[in-house]
Amino acid sequence: PSTVDKVRKLKNLINNKGATTIIEVDGGVNSENAKSLVDAGASALVAGSFVFKSNDPVQTIKELRNT
């Protein structure tokens with residue numbers, strides 16, 4: 001939850017400065033927080049462990065993209 005707040009603050013800073021910076025979140029990304037992170041302003045999510053430790057990595061990626 002604190003990461004979502006940090007992403008939101010960073011996105012506001014980027015917007016206020018007129019920058020075009022991409023926010024990428026790496027670590028701890030899963031189906032429970034992916035949507036919140038994107039809604040807060042993240043442009044890219046790295047969900048390595050969540051995907052590769054799942055029973056069906058392809059399906060897990062599809063589900064993340066649809067959250």
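Me: Before we start, what does "exposed" mean here?

Reply: A residue counts as exposed when its relative accessible area is over 50%, and as buried when that figure is under 20%; partly exposed lies in between. Keep in mind that this is a predicted model. Take Asp39: its relative accessible area is 55%, so Asp39 is exposed.

Me: Which residue does Asp39 meet in a salt bridge?

Reply: That would be Lys35, with 2.9 Å from N to O between the two side chains. Lys35 is partly exposed, at a relative accessible area of 45%. Both residues sit in helix α2, and being 4 residues apart, they are separated by about one helical turn.

Me: How many salt bridges does the structure hold?

Reply: There are 2. Besides the pair in α2, the side chains of Asp5 and Lys9 meet at 3.3 Å, N to O. These two belong to helix α1, which covers residues 2-17, and they are 4 residues apart, again about one turn of the helix. Asp5 is partly exposed at 33% relative accessible area, while Lys9 is exposed at 54%.

Me: Now for empty space. How should I picture a search for it?

Reply: Imagine rolling a probe the size of a water molecule over the atoms; this shows where empty space is left. In this model, the largest pocket has a volume of about 260 Å³.

Me: What lines the largest pocket?

Reply: The lining has 14 residues, with Leu45, Ala47, Ile61, Leu64 and Arg65 lying nearest the centre. By class, 9 are nonpolar, 2 polar and 3 charged. Helices α2, α3 and α4 each supply at least two lining residues, and the largest share, 4 residues, comes from α2.

How values were computed:
Residues are numbered from 1 along each chain as its sequence is written. This is a predicted model: local features need pLDDT of at least 70, side-chain atom pairs count only at pLDDT 80 or more; totals for chains, interfaces and linings use all residues. Side-chain values use heavy atoms; hydrogens and water are left out. On a 1 Å grid over the protein atoms alone, a cavity is a set of points where a 1.4 Å probe fits but cannot get out, and a pocket is an open set with protein on both sides within 12 Å along at least five of seven lines; lining residues have an atom within 4 Å of a point. Grid points are joined across faces, edges and corners, and a volume is the space filled by probe spheres set on the points. Ala, Val, Leu, Ile, Met, Phe, Trp, Tyr, Cys and Pro count as nonpolar, Asp, Glu, Lys and Arg as charged, and the others, Gly among them, as polar. A salt bridge is a side-chain nitrogen of Lys or Arg within 4 Å of a carboxyl oxygen of Asp or Glu. Buried means under 20% relative accessible area, exposed over 50%, partly exposed in between (1.4 Å probe, protein chains only).
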